[in-house]
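Me: Please pick one part of this structure and look at it closely. Then connect it to what lies around it, in plain terms for someone who has not seen it before.

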Amino acid sequence: MTKKINEVAQKIRTEVGKVIVGQEETLDLLLVGLFSGGHMLLEDVPGVGKTVLAKALAASIGSKFTRIQCTPDLLPSDVVGTTVFNQKTGEFEFREGPLFSQLVLADEINRAIPRTQSALLEAMAEGQITSDGVSRKLDRPFFVIATQNPIESHGTFPLPEAQLDRFLMRISLGYPTHEEERTIFRLSRQEAARTAMEAVVTPEDVIEVQEEVRLVKMTQEVEDYLISLIRKTRNWEGIALGVSPRGLIALGAAAQALAVIRGRDYVIPDDIKYLAPKVLAHRLVLDSSMRMKQKTANDVLNDILNDATVPVEDDAAPAAAR
């Protein structure tokens, strides 16, 4: 199991690396989201490669790809689809919207009105859409990458906490280094480099990986460590709203995916510690005292992680792996 998943992950890394420079960690986190069946929120300034990364990932897995440019006049029917009258047949028929894809890029999601955001988030949560009272299943794998600009607020509709909770992770690409930026600049002048992407795995391979990831082992000691972190967020000083059971499930699923990407068929505490800020930070609501101290959700989570008792290695690994 672990060997095949590693092969799939490595093929995708190599192919995406043809057009994306210096984002190895971000790509691994996207693979964690894809393999665990979650969805990702990329929060960064314009021009750092969010759209290129999403398109490259879709091309590498041979999936259907659509890009939705979110604007204030975008309606739910524009993303879900609508029923129209066919004059030739004399019947009403459903015209599928861009959500009927496998990898969907929702660009600048915070520019869409709340009704449209809700339509997108229903598809993320249920794997289906509802139009005119009829539910329609979406193709698997169904993976949404949404982007938003954290700096610009004019004409935006920020996602409320309940909707942010639907995303597995919120991550940022950041700016490249000097040498990475040199490589990006040179690649931008090579048309062949931008069009050389090809499918190295299939959507069926991704579905198989998703099924296998659910079988990754987690000992009771590691489960207790995971649950204790979540419960600490609910009574920690400075946190007004802690992490829900949905957040617990999300962190557990992400840790399972990360474990196999790192070559193991079992989760260790380091997997959880590494992912916790990325999976949990956007699910926390801090009170005014933390904001006055200029402490972020990541700062508070680091305090919680430092306070938690970490299982020893013998307790973290299943008996068969020792």
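Reply: Strand S5 (residues 103–107) and strand S8 (residues 143–148) run parallel and are joined by four bridges. Within this pair, Ala106 has Ala146 of S8 as its bridge partner. The model is a predicted one, in which local features need pLDDT of at least 70 and side-chain atom pairs count only at pLDDT 80 or more, while totals for chains, interfaces and linings use all residues. Residues are numbered from 1 along each chain as its sequence is written, and side-chain values use heavy atoms, with hydrogens and water left out. Helices (H or I, at least four residues) and strands (E, at least two) are DSSP runs, numbered from the N terminus.

S5 and S8 belong to an open sheet of five strands, ordered S2-S5-S8-S1-S9 and paired in parallel. At its edges are strand S2 (65–69) and strand S9 (169–171), each paired on one side only. From one strand to the next, the twist averages 20°. Helix H3 (residues 50–60) packs on the sheet, where it touches strand S1 (40–43), S2, S5 and S8, and its direction makes about 170° with that of S5. Two strands pair if DSSP finds at least two bridges between them; contact means heavy atoms within 4.5 Å. Axes are lines fitted to C-alpha atoms, for helices over the stretch in contact, with angles from 0 to 180 degrees between N-to-C directions.

S8 also leads to a charged pair. Arg140, in the loop between strand S7 (134–137) and S8, forms a salt bridge with Glu211, with the closest N and O atoms 3.3 Å apart. Glu211 lies in helix H9 (residues 203–213), so the pair ties together parts that are 71 residues apart in sequence. A salt bridge here is a side-chain nitrogen of Lys or Arg within 4 Å of a carboxyl oxygen of Asp or Glu. Both residues are partly exposed, Glu211 at 36% relative accessibility and Arg140 at 42%. Buried means under 20% relative accessible area, exposed over 50%, and partly exposed in between (1.4 Å probe, protein chains only). Arg140 and Glu211 are also linked with Arg214 in a network of salt bridges.

Salt bridges number 18 in the structure. One of them joins Arg13 and Asp28, whose closest N and O atoms are 2.7 Å apart. Arg13 lies in helix H1 (residues 2–16) and Asp28 in helix H2 (residues 24–36), so this pair ties together parts that are 15 residues apart in sequence. Arg13 is partly exposed at 21% relative accessibility, as is Asp28 at 22%.

Another salt bridge pairs Arg262 with Asp271, the closest N and O atoms being 3.3 Å apart. Arg262 is partly exposed, with a relative accessible area of 42%, whereas Asp271 is buried at 0%. Asp271 sits in helix H12.

Beyond the edge strand S9, Thr177 is found in the loop between S9 and helix H7 (178–187). At 43% relative accessibility, Thr177 is partly exposed. Its C-alpha atom is separated by 33 Å from that of Val209, 32 residues apart along the chain.
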